[in-house]
Amino acid sequence: MNRAFAGAMTMALTFWLTTPGKQAATPAAQTAAPSSDTERSESGNLHIAGGDVVMYRIRLLPVASFPKLPGTVAAELTLHGCMIPQTFEAQQPENVIEGAFQQAGSSDWAALCSVSGSTTLYVFFSGEFDRPIALRSQQDTAWLGAEPGSSVFGSAWGIATRSAAYLRTAHPLHGDASFDHDGIEDARLERSETIRYWQQSRWLAFDLQN
(Lines give C-alpha, C1' and ligand atoms only; values in the text may rest on other atoms or scores of the structure.)
Protein backbone atom coordinates (compact mmCIF):
# COMPACT_ATOMS: atom_id res chain seq x y z
CA MET A 1 0.00 0.00 0.00
CA ASN A 2 1.58 3.23 -1.17
CA ARG A 3 0.72 5.75 1.49
CA ALA A 4 1.82 9.38 1.45
CA PHE A 5 2.82 9.50 5.09
CA ALA A 6 4.27 12.96 4.68
CA GLY A 7 0.88 14.52 3.97
CA ALA A 8 -1.25 15.55 6.93
CA MET A 9 -3.81 12.82 7.57
CA THR A 10 -6.31 14.26 9.94
CA MET A 11 -9.02 11.63 9.88
CA ALA A 12 -7.45 9.10 12.20
CA LEU A 13 -7.05 9.03 15.95
CA THR A 14 -3.83 7.73 17.46
CA PHE A 15 -2.47 7.29 20.96
CA TRP A 16 1.10 7.45 22.15
CA LEU A 17 1.60 4.27 24.14
CA THR A 18 5.33 3.95 24.60
CA THR A 19 5.95 5.68 27.94
CA PRO A 20 7.91 3.22 30.12
CA GLY A 21 5.75 1.71 32.83
CA LYS A 22 2.55 3.16 31.40
CA GLN A 23 1.37 0.22 29.34
CA ALA A 24 0.62 -3.40 30.04
CA ALA A 25 -1.51 -5.87 28.19
CA THR A 26 -4.03 -7.57 30.43
CA PRO A 27 -3.93 -11.35 30.87
CA ALA A 28 -6.88 -11.47 28.47
CA ALA A 29 -4.62 -10.53 25.56
CA GLN A 30 -4.25 -13.41 23.17
CA THR A 31 -2.93 -14.35 19.75
CA ALA A 32 -4.62 -16.78 17.41
CA ALA A 33 -2.99 -20.17 16.87
CA PRO A 34 0.17 -19.94 14.73
CA SER A 35 -0.10 -20.67 11.03
CA SER A 36 2.32 -20.17 8.18
CA ASP A 37 -0.28 -19.57 5.49
CA THR A 38 -3.35 -17.95 7.07
CA GLU A 39 -4.14 -14.54 8.49
CA ARG A 40 -3.95 -14.17 12.26
CA SER A 41 -4.81 -11.49 14.77
CA GLU A 42 -3.33 -10.31 18.03
CA SER A 43 -5.91 -8.85 20.40
CA GLY A 44 -6.50 -7.78 23.96
CA ASN A 45 -6.86 -4.78 26.25
CA LEU A 46 -4.15 -2.21 26.93
CA HIS A 47 -3.81 0.12 29.90
CA ILE A 48 -2.58 3.59 28.95
CA ALA A 49 -1.51 6.67 30.86
CA GLY A 50 -4.40 8.10 32.90
CA GLY A 51 -5.85 4.71 33.70
CA ASP A 52 -7.88 4.27 30.51
CA VAL A 53 -8.12 0.93 28.78
CA VAL A 54 -8.28 0.48 25.01
CA MET A 55 -9.17 -2.61 23.04
CA TYR A 56 -6.84 -3.58 20.22
CA ARG A 57 -6.79 -6.05 17.35
CA ILE A 58 -3.72 -6.20 15.13
CA ARG A 59 -4.03 -7.99 11.79
CA LEU A 60 -1.09 -10.20 10.87
CA LEU A 61 -0.65 -11.54 7.35
CA PRO A 62 1.41 -14.59 6.37
CA VAL A 63 4.49 -14.23 4.18
CA ALA A 64 2.53 -16.00 1.44
CA SER A 65 0.39 -12.85 1.09
CA PHE A 66 3.36 -11.22 -0.68
CA PRO A 67 3.99 -13.32 -3.81
CA LYS A 68 6.43 -10.81 -5.33
CA LEU A 69 8.98 -11.44 -2.58
CA PRO A 70 12.16 -13.17 -3.81
CA GLY A 71 12.21 -16.79 -2.68
CA THR A 72 15.22 -16.34 -0.40
CA VAL A 73 13.65 -13.36 1.37
CA ALA A 74 10.37 -15.20 1.82
CA ALA A 75 12.27 -18.20 3.19
CA GLU A 76 14.17 -16.05 5.70
CA LEU A 77 10.98 -14.39 6.95
CA THR A 78 9.31 -17.77 7.26
CA LEU A 79 12.35 -19.18 9.07
CA HIS A 80 12.10 -16.36 11.61
CA GLY A 81 8.41 -17.18 12.12
CA CYS A 82 7.35 -13.78 10.75
CA MET A 83 3.83 -12.52 10.32
CA ILE A 84 3.46 -9.13 8.66
CA PRO A 85 1.53 -6.57 10.76
CA GLN A 86 -0.98 -4.41 8.93
CA THR A 87 -1.88 -0.85 9.87
CA PHE A 88 -5.38 0.01 11.03
CA GLU A 89 -6.07 1.72 7.70
CA ALA A 90 -4.68 -0.99 5.40
CA GLN A 91 -6.77 -1.75 2.32
CA GLN A 92 -4.34 -4.23 0.78
CA PRO A 93 -1.25 -6.13 1.97
CA GLU A 94 1.41 -3.69 3.15
CA ASN A 95 4.60 -3.28 5.18
CA VAL A 96 6.72 -5.26 2.71
CA ILE A 97 8.56 -2.90 0.35
CA GLU A 98 11.12 -2.97 -2.45
CA GLY A 99 13.67 -0.28 -3.30
CA ALA A 100 17.29 0.62 -3.95
CA PHE A 101 18.14 0.92 -0.26
CA GLN A 102 21.84 0.00 -0.44
CA GLN A 103 22.90 1.95 -3.53
CA ALA A 104 21.52 3.33 -6.77
CA GLY A 105 20.24 0.52 -8.97
CA SER A 106 20.19 -2.19 -6.30
CA SER A 107 17.09 -4.33 -5.77
CA ASP A 108 16.54 -4.58 -2.03
CA TRP A 109 13.64 -5.37 0.27
CA ALA A 110 12.41 -4.40 3.72
CA ALA A 111 9.64 -5.87 5.85
CA LEU A 112 8.05 -5.63 9.27
CA CYS A 113 8.15 -8.99 11.03
CA SER A 114 5.96 -9.75 14.04
CA VAL A 115 6.91 -12.66 16.29
CA SER A 116 5.41 -13.32 19.73
CA GLY A 117 4.12 -9.78 20.22
CA SER A 118 7.23 -7.94 19.05
CA THR A 119 7.89 -6.48 15.58
CA THR A 120 11.29 -6.02 13.91
CA LEU A 121 12.10 -3.96 10.83
CA TYR A 122 14.31 -6.13 8.60
CA VAL A 123 16.25 -5.00 5.52
CA PHE A 124 17.49 -7.42 2.85
CA PHE A 125 20.27 -6.15 0.58
CA SER A 126 20.57 -7.62 -2.91
CA GLY A 127 23.03 -10.49 -2.95
CA GLU A 128 22.72 -10.84 0.82
CA PHE A 129 19.11 -11.95 1.15
CA ASP A 130 20.15 -14.70 3.56
CA ARG A 131 21.68 -12.12 5.94
CA PRO A 132 18.88 -9.70 6.88
CA ILE A 133 19.68 -6.56 8.84
CA ALA A 134 17.51 -5.97 11.92
CA LEU A 135 17.15 -2.18 12.05
CA ARG A 136 14.98 -1.91 15.16
CA SER A 137 12.25 -3.63 17.16
CA GLN A 138 9.32 -2.65 19.38
CA GLN A 139 6.25 -4.23 20.92
CA ASP A 140 3.32 -4.71 18.55
CA THR A 141 1.19 -2.54 20.85
CA ALA A 142 3.70 0.34 21.09
CA TRP A 143 2.00 2.35 18.32
CA LEU A 144 -1.76 1.97 17.98
CA GLY A 145 -4.38 3.97 16.12
CA ALA A 146 -7.99 3.78 14.99
CA GLU A 147 -10.33 5.31 12.47
CA PRO A 148 -12.82 7.86 13.88
CA GLY A 149 -15.72 6.15 15.59
CA SER A 150 -13.93 2.85 16.03
CA SER A 151 -13.50 1.49 19.55
CA VAL A 152 -10.94 -1.12 18.48
CA PHE A 153 -7.40 -0.03 17.77
CA GLY A 154 -4.90 -1.49 15.32
CA SER A 155 -1.25 -1.06 14.48
CA ALA A 156 -0.03 2.41 13.49
CA TRP A 157 3.44 1.32 12.30
CA GLY A 158 3.98 1.56 8.57
CA ILE A 159 6.95 1.56 6.21
CA ALA A 160 7.28 2.92 2.69
CA THR A 161 9.94 3.43 0.02
CA ARG A 162 11.08 7.02 -0.48
CA SER A 163 12.94 7.85 -3.69
CA ALA A 164 16.16 9.82 -3.87
CA ALA A 165 14.27 12.59 -5.68
CA TYR A 166 11.76 12.78 -2.85
CA LEU A 167 14.49 12.84 -0.22
CA ARG A 168 16.32 15.65 -2.01
CA THR A 169 13.29 17.89 -2.31
CA ALA A 170 10.62 17.00 0.25
CA HIS A 171 12.34 17.70 3.55
CA PRO A 172 15.26 19.74 4.88
CA LEU A 173 17.14 16.59 5.81
CA HIS A 174 20.53 16.25 7.44
CA GLY A 175 23.46 17.50 5.38
CA ASP A 176 25.55 14.37 5.98
CA ALA A 177 23.63 12.43 3.36
CA SER A 178 23.98 12.67 -0.41
CA PHE A 179 20.70 11.25 -1.64
CA ASP A 180 21.37 9.14 -4.73
CA HIS A 181 19.27 6.09 -3.83
CA ASP A 182 16.08 5.21 -1.96
CA GLY A 183 15.44 5.49 1.76
CA ILE A 184 12.99 3.73 4.06
CA GLU A 185 10.20 5.73 5.65
CA ASP A 186 9.61 4.29 9.11
CA ALA A 187 6.42 5.97 10.31
CA ARG A 188 3.98 6.18 13.14
CA LEU A 189 0.82 7.03 11.23
CA GLU A 190 -0.42 10.58 11.72
CA ARG A 191 2.34 11.46 14.17
CA SER A 192 5.94 11.14 13.03
CA GLU A 193 8.27 9.53 10.58
CA THR A 194 11.93 8.60 10.43
CA ILE A 195 13.83 8.31 7.18
CA ARG A 196 16.39 5.50 7.38
CA TYR A 197 19.15 5.87 4.82
CA TRP A 198 22.18 3.66 4.16
CA GLN A 199 25.39 5.55 3.42
CA GLN A 200 29.06 4.67 3.83
CA SER A 201 28.31 1.37 5.55
CA ARG A 202 26.05 2.83 8.21
CA TRP A 203 22.41 3.75 8.70
CA LEU A 204 21.51 7.41 9.02
CA ALA A 205 18.22 8.33 10.70
CA PHE A 206 16.36 11.59 10.14
CA ASP A 207 13.44 12.21 12.48
CA LEU A 208 10.54 14.22 11.13
CA GLN A 209 7.20 15.31 12.54
CA ASN A 210 3.92 15.32 10.60
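Biologist: Which element gives the largest share of the lining of the second largest pocket?
Modeller: That's β12, with 4 residues. Bear in mind that this is a predicted model.

Biologist: Which other elements give two or more residues to that lining?
Modeller: Besides β12 (152-155), there are β5 (53-61) and β11 (143-146).

Biologist: OK, and what volume does the second largest pocket have?
Modeller: About 180 Å³. It has 14 lining residues, and the closest to its centre are Arg-57, Arg-59, Thr-87, Phe-88 and Gly-154.

Biologist: How do the residues of that lining divide into nonpolar, polar and charged?
Modeller: The split is 5 nonpolar, 6 polar and 3 charged.

Biologist: Switching to cavities: how many of 30 Å³ or more are there?
Modeller: Just 1 at that cut-off. The largest cavity has a volume of about 60 Å³.

Biologist: Which residues line the largest cavity?
Modeller: Ile-58, Pro-85, Leu-112, Thr-119, Gln-138, Gln-139, Asp-140, Trp-143, Ser-155 and Trp-157. By type, that lining has 5 nonpolar residues, 4 polar and 1 charged.

Biologist: Now disulfides. How many does the structure hold?
Modeller: It holds 1. Cys-82 and Cys-113 form the bond, with their sulfur atoms 2.0 Å apart.

Biologist: What parts does the pair tie together?
Modeller: Cys-82 is in the loop between α1 (71-79) and β6 (84-85), while Cys-113 is in strand β8, so the pair links parts that are 31 residues apart in sequence.

Biologist: Left-handed or right-handed?
Modeller: The S-S torsion of Cys-82 and Cys-113 is about -85°, so this disulfide is left-handed.

Biologist: And are those two cysteines buried or exposed?
Modeller: Cys-82 and Cys-113 are both buried.

Biologist: Back to Cys-113, then. What stands opposite it in β9?
Modeller: Thr-120 does. The two strands, β8 (residues 108-115) and β9 (residues 118-124), pair in the antiparallel sense over 7 bridges.

Biologist: What order do the strands of that open sheet have?
Modeller: β7-β8-β9-β10, so to speak reading across its 4 strands, with antiparallel pairing. The edge strands, each pairing on one side only, are β7 (96-99) and β10 (133-139).

Biologist: By how many degrees are neighbouring strands of this sheet turned against each other?
Modeller: On average by 15°, with direction ignored.

Biologist: Remind me, through what do strands of a sheet pair?
Modeller: Through backbone hydrogen bonds, either parallel or antiparallel.

Definitions and conventions: Residues are numbered from 1 along each chain as its sequence is written. This is a predicted model: local features need pLDDT of at least 70, side-chain atom pairs count only at pLDDT 80 or more; totals for chains, interfaces and linings use all residues. Side-chain values use heavy atoms; hydrogens and water are left out. On a 1 Å grid over the protein atoms alone, a cavity is a set of points where a 1.4 Å probe fits but cannot get out, and a pocket is an open set with protein on both sides within 12 Å along at least five of seven lines; lining residues have an atom within 4 Å of a point. Grid points are joined across faces, edges and corners, and a volume is the space filled by probe spheres set on the points. Ala, Val, Leu, Ile, Met, Phe, Trp, Tyr, Cys and Pro count as nonpolar, Asp, Glu, Lys and Arg as charged, and the others, Gly among them, as polar. Two strands pair if DSSP finds at least two bridges between them. Axes are lines fitted to C-alpha atoms, for helices over the stretch in contact, and angles run from 0 to 180 degrees between N-to-C directions. A disulfide is a pair of cysteine sulfur atoms within 2.5 Å. Buried means under 20% relative accessible area, exposed over 50%, partly exposed in between (1.4 Å probe, protein chains only).
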